[in-house]
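Biologist: I'd like to learn how to read salt bridges in a model. Could you walk me through some?

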Amino acid sequence: MWKDYSASYIKKNWASSVSIMVAAFISTLFLSFLCSAFYNFWIYEVEQIVLEEGDWQGRIIGEIDDEDLDTIRNFANVERVVINEELSGEQETAVDVYFHNMRTIFQDMPLIINKLGLKENAASYHLLLLSRFLIHDPQDVEPPLLITFYLVVLLIVSFSLVLIIHNSFAVSMRARVHQFGIFSSIGATPKQIRICLMQEAAVLCAVPILFGSMLGIAISFGVIRATNVIAVNVSGRHEAVWGYHPLVFVITILASVLTVLFSAWIPARKLSRLTPLEAIRNAGGLQLKRKRNSRMLSLLFGMEGELAGNALKAQQKALRTSTLSLTLSFLGFTMMLCFFALSDISTRHTYFEKYQNVWDVMVTVKDTEIEDFGLTEELRELEGVRDLIVYQKAVAVSPVSEKWQSEELTALGGLGAVTGASAAGGEGAWLAKAPIVILDDAGFIEYCEQIGVTPRLDGTVILNQIWDSLNSNFRYPKYIPYVKEDQETIVLQKVEKGDEIAEIPVLAYTQKVPVLREEYDNYALVQFIPLSLWKKISGQIKDAHADTYIRILAREEAALAELNALEEDILRLIGQKYETESENRIQDKITNDDMIKGFKLMIGIFCSLLAFIGIANVFSNTLGFLSQRKREFAQYMSVGLAPAGMRKMFCIEALVVAGRPLLITLPLTVVFVAFAVTASHLNPKEFLAEAPVVPIVIFSLAILGFVALAYYIGGKHLLRCDLSEALRNDTMV
């Protein structure tokens, strides 16, 4: 009986059934996409970690002989043992240990160490790799929880989808309260009613779950391919290879089935618990309350506006999910675009526009002192090199007394007022940061000529400026002289307290920096010194950075192909002898743009899915309420409301459903933009000139269009029905 009844009901109430199928399809699509995307993200993370740090799980470093290696290999859970030649020395051997079951590594490694008779610190763990398998050090109070976070997000999304599908089932089931009341009065038990409704849910959702799962997999594949295309020029990444595991499919289907069944069970349980009298007396229509007046809609649209407002208030609970989804999607989309617009303006100001004329190719020579780099002249002779400077950086401090501070700085209250720091040196002097930029001798001589100073290789050029933080902001800084230009020598010393100091001649004070891609501290007394001088004082300072840098200028107006060719020539010359990293200006800009496009793509997809969920809920609610609203509109027609008035009501409802999220979002977006512009000290006119108005308008019109389409379909079906039949008593089906 129940199977025949369910089949008959589904056939005769196709619109309501379609709304349930659509909700199940979208929810499964979303779950499948997230599961597949998270799985591929996890694979990529593991591959990236393995490429950068290796695939070892545990490592033992100590005096290990062949007998000890056999002891490790014979341990029950050890899969294999590999000697790490790179880390091994004459006295100690480094051994990488791989386990069958990684989850017991923190119990097994101490046992191995104890058996070998080594100290506890002889063992180390690949914590980053282990964390990607949800394995954490029990002693770590703050373990990496990135993968755990994504699993929690997946659970939250699943719970949110329960609310969405639940609404579709609830709309359909509320329309049948009267019918099930009749069934209950002739002997149907609550259990039988629940089974009937769950059977319908299974029949309606089986095919949508399968199709939604397949489409979600396809979308994740497309996203991975698109990400590879967009990020093809991003340095430091490897190409992502799309993968899928049968277990992911099982989890997706299981999560979708449980989500659908739980969503259907909630309203089915509530419906089955109604007494026959309560169910039979239920009219099945919208419960409109006369006291709920919609003054604004009534004022704008007259009687139809008031009727539409009352209907929306009666559907308020059912439309809550769509309102929330549409609001979040629009809010996320607008804030994302505004954030990227602000970020792009800021990046242009502080990086690309600021440094576009000071470098074309930058090479970092890893773990190499500038005095040990011997290819400077060969680099200068390369075809296409217009200018070149080799330099290294070091840190130091210098005492700055009150007497030595400039008159402009003293007028502002001195270093304490500008920096907010207190004197830390002796006799009331400040220990100012004095970072050192060590230039190769040829580059230093060229710099001296640029600032009009007689070239010498035994002194320093001081960047004599400090940020006037009291009268300007970091976006548009104003600088004043740091010190008086009457001191012929300056004392430099290590950052850490020590007795060793270096007193060196001051060749010049200047406000012009060398042509380098460097950002200098606003409160630092920067020193530019030649390599010849550094060789003499490095024993006292001893705080040089590990790497050496090479700044190259190519031919003016050089194109990307020319810079790429020059970069290849440079790396071919020095790459065999030194470990290097390189970048060129044009490619760096392209990479930055590609990364932003990738971020926009991912966030745009997520916002679109949220909007899709909200729109699907509108479709589900609109089509699902048809049977309930037949009676409502039949009553309106009986008192003289024409079909044109009904269409106007639907238009008003669609406008409110789509417009409410926009009205909520726009003020929040304006507040966010105002705060961000103020915090970043940008000129508001500059943002307004690049505000993402067109994409936001297109996204808004898309939401409005889909909501209007849902109401158009619903209204068209409703007006085609014989509304006079709705005033009669319900039939059994």
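Modeller: Let's go through a few charged pairs, then look at one further contact. Keep in mind that this is a predicted model.

Biologist: How do I decide what counts as a salt bridge, and how many are there here?

Modeller: You look for a side-chain nitrogen of Lys or Arg within 4 Å of a carboxyl oxygen of Asp or Glu. By that rule the count is 15 salt bridges.

Biologist: Which residue pairs up with Asp96?

Modeller: Arg59 does, with an N to O distance of 2.7 Å between the side chains. Asp96 sits in strand 3 (residues 93–99) and Arg59 in strand 1 (residues 58–62), so this bridge ties together parts that are 37 residues apart in sequence.

Biologist: Is Asp96 buried or exposed? And what about Arg59, buried or exposed?

Modeller: The cut-off for buried is under 20% relative accessible area. Asp96 comes out at 7%, so call it buried. Arg59 has 12% and is buried too.

Biologist: Where does Arg585 find its partner?

Modeller: At Asp360, where the closest N and O atoms are 3.0 Å apart. Arg585 belongs to helix 20 (residues 585–624), while Asp360 is in the loop between helix 13 (320–355) and strand 5 (361–365), so the pair ties together parts 225 residues apart in sequence. As for accessibility, Arg585 is partly exposed at 21%, whereas Asp360 is buried at 5%.

Biologist: What does Glu583 bind to in a salt bridge?

Modeller: Its partner is Arg517, and the closest N and O atoms are 3.0 Å apart. This one links distant parts of the chain: Glu583 is in strand 17 (residues 580–584), and Arg517 is in the loop between strand 14 (501–510) and strand 15 (527–530), 66 residues away. Glu583 is partly exposed, with 28% relative accessibility, but Arg517 counts as buried at 18%.

Biologist: Which residues are joined into one network by salt bridges that share partners?

Modeller: Glu377, Arg380 and Asp440 are. When you see a shared partner, read the bridges together, as with this trio.

Biologist: And that further contact you promised? How far apart are Ala226 and Gly598, in sequence and in space?

Modeller: Here you compare two separations. Ala226 and Gly598 are 372 residues apart in sequence, yet their C-alpha atoms are 8.4 Å apart in space. Ala226 itself is part of helix 8 (residues 190–230), and its relative accessibility of 27% makes it partly exposed.

Methods:
Residues are numbered from 1 along each chain as its sequence is written. This is a predicted model: local features need pLDDT of at least 70, side-chain atom pairs count only at pLDDT 80 or more; totals for chains, interfaces and linings use all residues. Side-chain values use heavy atoms; hydrogens and water are left out. Helices (H or I, at least four residues) and strands (E, at least two) are DSSP runs, numbered from the N terminus. Buried means under 20% relative accessible area, exposed over 50%, partly exposed in between (1.4 Å probe, protein chains only).
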